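Reader: Could you give me a close look at the part where the chains meet, starting from the sheet in the smaller picture and working outwards? I'd enjoy one connected walk-through.

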Amino acid sequence: MSCGNPVSEEDSLMLRRTKYDKTRICGKCRTNVGNVVIRHAVYCKECFLPNITTKFKRILEPTINVNGTRKKGFKPTGNLCVGFTGGLGSTVLLDLISDCYYSTPTNEDVLKGGKDHPRNAGVWKKATVCYVEICNALPGTRDRTEEVRDVVEQYKHFDFLPLRIENAFDDMWWEKVGGQRSELSLKVDIGNEELVMIPQPIESRDPVAALLAYISALPTQTAVPSAIQNLVRLLLLRTAWSTDSSHLLLGTCLTSLSVSLISSISQGGGFVVREEAQEEWQPTVSSGSRRAIKVVRPLRDIGMKECAIWAWWRGLKVVGKESFLGGKQGIGALTKNFIVGLERDYPSTVSTIARTCGKLAPKDNSEAICLLCERPAQPGVQDWKARISIRSFADPGLASPPPHATNVVSNKTDDLSGPSLTPYLCYPCHTTLTSRSSRGSTASALVNSTPLPVWVAPQLDGKGIVEEWGSRKMERSDMKQSISEFLLPDEDS
Amino acid sequence: MSDSSESASVSLKIEFSGGLELLFSNQRSHKLKIPAQVPKTYGDAASDSDNKPADITFLIHYLRDNLLKERVELFMENGTVRPGILVLVNDTDWELEGEGDYVLKDGDEVVFISTLHGG
Amino acid sequence: MSPRTCALCATNKAMLKRPKTGQQICRDCFFYVFETEVHNTITQSSLFKPGDRVAIGASGGKDSTVLAYVMKTLNERYQYGLDLFLLSIDEGITGYRDDSLETVKRNQQQYSMPLKILSYDELYGWTMDAIVAQVGKKNNCTFCGVFRRQALDRGATVLGVDHIVTGHNADDIAETVLMNIMRGDIARLGRCTAICTQGEDTIKRSKPFKYAYEKEIVMYAYFKKLDYFSTECIYSPDAYRGHARVFLKDLEAARPSAIIDIIHSGEAFEVREEVKATQKVQQTCKRCGYMSSNDLCKACTLLEGLERGMANSGITDRARKKLDAEGPAPENIRTIPFYNPPSSTLVIAVEATNDGKPSTS
């Protein structure tokens, strides 16, 4: 590769350089001819494989015990839950977990380490592999549950737990995972920034229909992958909770971590940049003990290329993830294209992104938790939005409307037809539900109210919402709005 | 040039993995023969003067035109494989072998692995 | 389709779809919200106080041309009580800056604002043309960026102003957030979304267009019939930034709020305390007196490299070591005149916060 300047410091100007340092000999054993180049370093096959195992353990093992040390072996406080997508990362993750912590002891191993040696007994008593099938959110995509089952059931130590994305709207599932029943049922009007909540009669609903109503009410195509990703995340967290797990492991590799960091930042998620890499989660409303689940991404130092080569050399079958239909418009998909392209020409980029984001912390502390994603929510974001993007002349932060605007009616309804969901959401979730494209939207004008995932309403209990509704007479227009999608056009006139 | 060198060919074993096989009739393993000498610029008519030995760049184009069944944009971009596709030649990263300039030998095994695992 | 009324005033016919919100609004409302958002940005951060002398960094391009117009408008409408100046830097790029400097001179007439033009040639003894002739088109942006920053501060000192405002818009800032993450430039990442940073000692620098979309700035210039020059530099910018720019445009196309969302992210996080502690303390350059995190400031390092024919010494550590190995700088090289800041009460320049600043209103 020709290069105008003999410049080599990569951080200063991100120059392209040859794909590997001077020699083809493995940089680790300095004996064998190398087989693979990982960020300029050459490895032979014999050194590559244990190197991956080391990187995996280096991230995971300090998180297993409560105090971080492992002097007396591993003693996690609960079970293990693994989020499996069928993609490359989680396929490699399952293989590594099985290999490192659940491999069948041979006679020799038993002699070596004894029965209690971590290699010979599962580190976690019970290991559940949870897969969330998303095909019902994306019409036209295929159900991969059985293919995934075949892969997972090869590992006899793992219990396979298939979920479906519509479980997020399924009261039966919610009850099964120990969720609190709410005293209220609600829909939300997605037609404006306030996200007004509309009370619903408490009755059983069809989860798939509710899911599709939610997806189709989203303001842009871009919001669909983000919304799906959030539903999957909460389904996994709840499953980890209900299986008494202390750890939820995800197959996010270094490349995917960089993608999710940039993608999250691009959606206004700067406040939760830490949580994107590692977080501890517990339900905001729960009965019983307060225990937190550690969400760990043990592959976060291992690049996508390393994962692919591991899978190839270990002969792993990768089922593949659904590439979102129309997902080219998704922030995540755009980011992935961008990062994967950069990674080829500037192989250090992905680790720089992850390292840089690791040095960041949120500016303010916040006690508030977003109802939709159950992550910390920064206060005051609505004022911020109103100030820098004026959407109405009735905003309190603004002075008088311009002289020509003689006709201004308060289009920010002072007496909202119900309480607003907006104050309970974080910036990214509010943006997903409200940010419009200048190029048209998916939501039809008729459907502007949507049901919400099962975990939202219980968190509103005790926040005075019910009282507010209780004291107010239901207006005819409210009633009509809440049933609008069931009315035929001529009944309307 | 003698007749024998003109008609000489290279036998290869090609493997697709990581979902790429879906673009190639859902068949992971392929055996094929390509000419040993190919035009310097892909698609040009064969001529004696402007030939080069068949390399991986040629192979990529050849696969696109002869084996690929759908969605070329998931396989190729800017005259090479799309970012996110790994190439191994005889179990060794092509980045160690000169990437597209690697000259193919009879009996070589070339593996294309997608890391993107799209549908 | 029937004509729509403006989503804001509900009076006039909607004339445009606002890039930032997607709302269909009329021209008067567009002017009003654009200007008011800039005004909100200024008052929210208490950028100015009455009597401040403020220089507008003017390149003759769209951003600074619109900035000069809007600053003048808001100064009159809201009685900021500011003395406004135009400050232009002539990098010495033949065929690129000549025309745009004409625009600046015309603005001087139209807005009756005093104008100061300062050239790289008079300050450093090098034009960008001469620098490119030595270093090539790669890395030349590093020189230009470092030199411009210092030139603006020095020009501001000549004008005796307290404050420089620049035309950096929301797209620029979002792009910089992404670039700093991708380059691992943690120090810059921490301050790039700050509306106001302390420049050399008492000269503040701020970006009133921090939340203004590039598309809306163009739209504003178009409807106000402001003329400006395209200021795409003929020495192409680095390819890496180009990738980030294309990515940002793709994001914006998918979701117009992405630009603002990225800035919001940049404002929501900060560098962790443990990491901050390891960052270098600011000092002043031993050779020219400008603020620096090393003995020599970046501009002096780059200039010394140019003068000694080893231009890369200011860019990489390896080249710097090679330069140092050749001994100390010769006596006869050209250096930057020693900088005497307007007030030398502060020796350590730190990043400005908005605490304790007098309010504008």
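Author: Happy to! This is a predicted model, and a good place to begin is chain B, where five strands form an open sheet in the order S2-S1-S9-S7-S8, with mixed pairing. Strand S2 (29-35) and strand S8 (92-93) of chain B are the edge strands, each having a single partner, so one side of each has no neighbour in the sheet. As background, strands of a sheet pair through backbone hydrogen bonds, either parallel or antiparallel.

At the S8 edge, strand S7 (residues 85-89) of chain B is the partner: S7(B) and S8(B) pair in the antiparallel sense over 2 bridges. If you want a residue to click on, B:Val89 stands opposite B:Thr92 in S8(B).

Now look across to chain A. The contact between the two chains takes 17 residues from chain B and 23 residues from chain A. On the chain B side, the elements that give two or more residues are S8 and strand S9 (108-114). That brings the edge strand S8(B) back into view, since S8(B) is one of the strands with a single partner in the sheet. By residue type, the side of chain B that touches chain A divides into 5 nonpolar, 9 polar and 3 charged.

Chain A also meets chain C: here 57 residues of chain A are in contact with 58 residues of chain C. Several elements of chain A each supply at least two residues to that side, among them helix H1 (10-13), helix H9 (254-266), helix H12 (331-345) and strand S11 (360-362). Helix H13 of chain A gives the most, with 6 residues. The residues on this side of chain A divide into 25 nonpolar, 24 polar and 8 charged.

Strand S11(A) deserves a second look, for 3 bridges join S11(A) to strand S9 (residues 269-271) of chain C, and the two run antiparallel. Within that pairing, A:Ala361 stands opposite C:Glu270 in S9(C).

Following the pairing into chain C, the domain assignment gives domain 1 (45-233 + 241-275) and domain 2 (280-350). The centres of these two domains, taken over C-alpha atoms, are separated by 24 Å. UniProt, in an unreviewed entry, lists residues 283-312 of chain C as "domain: Cytoplasmic tRNA 2-thiolation protein 1 C-terminal". In the model that span is 33% helix and 13% strand, and its end C-alpha atoms lie 23 Å apart.

Elsewhere in chain C, strand S4 (residues 83-90) has 7 of its 8 residues buried, so S4(C) is largely enclosed by the rest of the structure. Strand S3 (residues 53-57) of chain C is joined to S4(C) by 5 bridges, and these two strands run parallel. C:Ala55 stands opposite C:Phe85 in S4(C).

A helix of chain C makes a good last stop. In helix H5 (residues 128-135) of chain C, the residues C:Met128, C:Ile131 and C:Val135 are buried. Viewed down the axis of H5(C), the buried residues fall within an arc of 55 degrees, so they line one face of the helix. Their cover includes helix H4 (120-124), helix H6 (140-159) and helix H13 (298-307) of chain C. After H5(C) comes C:Gly136, with a positive phi near 85 degrees.

Note on methods:
Residues numbered from 1 in each chain as written. Chains lettered and ligands numbered in written order. Predicted model: local features only at pLDDT ≥ 70, side-chain atom pairs only at ≥ 80, totals over all residues. Buried ≥ 20, exposed ≤ 12 C-beta atoms within 10 Å, placed from the backbone. Helix = DSSP H or I, 4+ residues; strand = E, 2+ residues; numbered from the N terminus. Arc of directions from axis to C-beta. Contact = placed C-beta atoms within 7 Å. Nonpolar A, V, L, I, M, F, W, Y, C, P; charged D, E, K, R; others polar. Pairing = 2+ DSSP bridges. UniProt positions renumbered as here; feature names shortened; annotations may be inferred. Domains from an automatic or database assignment.
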